[in-house]
Amino acid sequence: MRPALPLNLCRRNILFRRPLVSLRHASTFAKPEFSSFFFHNDQWAPSARRTSLLATPKPRRITQIAAVENALAGDGTPVEGYREAQVLNARSLPKIYAQLSKSRLTTLMVLTTMGGVALSPLPTTVPLLLATAVGTTLCSASAMTMNQMAEVPFDAQMARTRMRPLVRGAVSPLHAAGFAVVTGVGGPVLLWTMVNPTTAVLGALNIALYAGAYTWMKRKHVANTWVGAIVGGIPPLMGWTACGGHLIPSADHPIHFFLPQFLSTVQSVPLDLAMIDNPLSPFALFMLLFSWQFPHFNSLSYVVRGSYAQAGCKMLSVTNPQHNALVGLRHAALLFPICSILFPLSGLTTWAFALTSLLPNAICTRAAWIFWKSGSEKQARLVFQHSLWYLPVILGLMMVHKQGMDWGKWFGLEKEEAKKELS
């Protein structure tokens, strides 16, 4: 027979029982309350802790704190669940630098920069390609490091960022600042001397936007996401200008429109016209990366919206989750005209790309639509997963349908056909 519960415990359970509607927080557009994530610092004072120890049983966290205090006092008590910080040495330094640079984001920026180089109709060289890649890497590393330096107190409150190098003390702030300065100066200087001034200015601008405007706005206004999208759209412009391309139309570099053959009086696009420097092409590349980041980031930020609220970040997924999903849906739908109209119209790709890009755009837009309708975290994760494969697939299709690209000649198929005709 189960023993009866004390009367006061029954009353406490009845008084503090939560409504069942709170169980829907993880699967609906619910706003996390900022106040529920913060506590007053006085609760960790020694006097407050002694009072709480007398009134309530010792929880595991307070027991561990006491163990650490005893260990620091030198009484030999073993500390459970804690380990000493590793000493910084030459072997661990590259890993620390990679973490300060946010290696995944830096890799993405370098790849999109190389995408701008690959899609440019203008010629390039291997030294120019390497200098552009290294310079972009240094600029990104500096921006990411300065971002982490400014957000140490906030990263310490988020479960997904509390193990970053500066938060856990793996590297000193002075060391990180030196790394940020060296990479922040070295990147633009390398691009200026080895590539061209325009690319160097774009690299320096990206450092200022990410480490300055975006980082400051994260706790000020939801428009920080739009600033971050501009940062993500600049790398392909750096790749375009690295080859000598122009971003602003002029008398020497006017905008050309490449209409489909059935709408144009010219039956085919001349090769010399296809290889021109069209300022509409880098604009199309910028818009692709700009719009792609909204379904990519808005879905991710919705999954971790509790952490953003915990750190006091003014993200749209925290302040207005439903509008956050709607913005992601809008830009996912905007990828249709960008891929099927803007790219072929700029002459960067043939009009066949307008058809082959429909399927990946339809898959991602459908997922964004379901996420907006349901508001579930499961669907948000699906949108994020689609965004990961979407970008390399679209860039690959653009290379396949690049204007003026003769894949038969590239793989040597035309030579074999010519030999057969001669025989």
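Here are some questions and answers about this predicted model.

User: Welcome me in gently: how many helices and strands are in the chain?

Analyst: Happy to help! The chain has 423 residues, and 43% of them count as buried. Among contacts between residues at least 6 apart in sequence, 74% join residues at least 24 apart. As for the elements you ask about, the chain holds 21 helices and 0 strands.

User: Which residue spans does UniProt annotate as "transmembrane region", and what is the helix content of residues 383-401?

Analyst: The annotation comes from an unreviewed UniProt entry, and it covers residues 128-146, 166-192, 198-217, 226-248, 283-304, 325-345, 351-371 and 383-401. One of these spans, residues 166-192, is 85% helix and 0% strand, with its end C-alpha atoms 31 Å apart. For residues 383-401 the end C-alpha atoms lie 26 Å apart, strand makes up 0%, and helix makes up 95%.

User: At what angle do helix 5 and helix 6 pack?

Analyst: Helix 5 spans residues 103-119 and helix 6 spans residues 126-150. Their crossing is right-handed. The two axes are 9 Å apart, and the packing angle is about 145 degrees.

User: How many charged residues are in the contact of helix 5 with helix 6?

Analyst: Let's look at who meets whom. On the helix 5 side the residues include Leu-105, Met-109 and Val-117, while helix 6 brings, among others, Leu-129, Thr-136 and Met-144. The residues of this contact divide into 9 nonpolar and 6 polar, and the number of charged ones is none.

User: How is the ring pair of Tyr-302 and Phe-371 classed?

Analyst: A pair of aromatic rings is described by the distance of the centres and the angle of the planes. The model has 9 aromatic pairs. For Tyr-302 and Phe-371 the centres are 5.3 Å apart and the planes stand at 65 degrees, which is over the 60-degree cut-off, so the pair is edge-to-face.

User: How many residues apart in sequence are the parts that this pair ties together?

Analyst: Tyr-302 is buried, with a relative accessible area of 0%, and Phe-371 is buried too, at 3%. Tyr-302 belongs to helix 13 (residues 280-303) and Phe-371 to helix 18 (residues 358-374), so the parts tied together are separated in sequence by 69 residues.

User: Which residues do ring pairs link into a cluster?

Analyst: This one is a matter of following rings from pair to pair. There are 9 aromatic pairs in the model. Ring pairs join one set of residues into a cluster, and its members are Trp-226, Phe-286, Phe-290 and Phe-294.

User: Is Pro-295 buried or exposed, and which residues does Pro-295 touch?

Analyst: Pro-295 lies in helix 13. Its relative accessible area is 10%, under the 20% cut-off, so Pro-295 is buried. The C-alpha atoms of Pro-295 and Ala-325 are 7.9 Å apart, although 30 residues separate them along the chain. Not counting residues up to four places away in sequence, Pro-295 touches Gly-328, His-331, Ala-332 and Val-383.

User: What do Gln-293 and His-296 touch?

Analyst: Gln-293 is in helix 13 and is buried, with a relative accessible area of 15%. His-296 is also found in helix 13, and is buried at 16%. Leaving aside neighbours within four places in sequence, Gln-293 is in contact with Gly-228, Ala-229, Gly-232, Gly-233 and Asn-298. With neighbours up to four places away again left out, His-296 touches Phe-384, Ser-387 and Leu-388.

Note on methods: Residues numbered from 1 in each chain as written. Predicted model: local features only at pLDDT ≥ 70, side-chain atom pairs only at ≥ 80, totals over all residues. Heavy atoms only, no water. Axes fitted to C-alpha atoms, helices over the stretch in contact; angles between N-to-C directions. Helix = DSSP H or I, 4+ residues; strand = E, 2+ residues; numbered from the N terminus. Left-handed = near helix turned anticlockwise from the far one by under 90°. Contact = heavy atoms within 4.5 Å. Nonpolar A, V, L, I, M, F, W, Y, C, P; charged D, E, K, R; others polar. UniProt positions renumbered as here; feature names shortened; annotations may be inferred. Phe/Tyr/Trp six-rings, centres within 6.5 Å; stacked < 30°, edge-to-face > 60°. Buried < 20%, exposed > 50% of the residue type's maximum accessible area, 1.4 Å probe, protein only.
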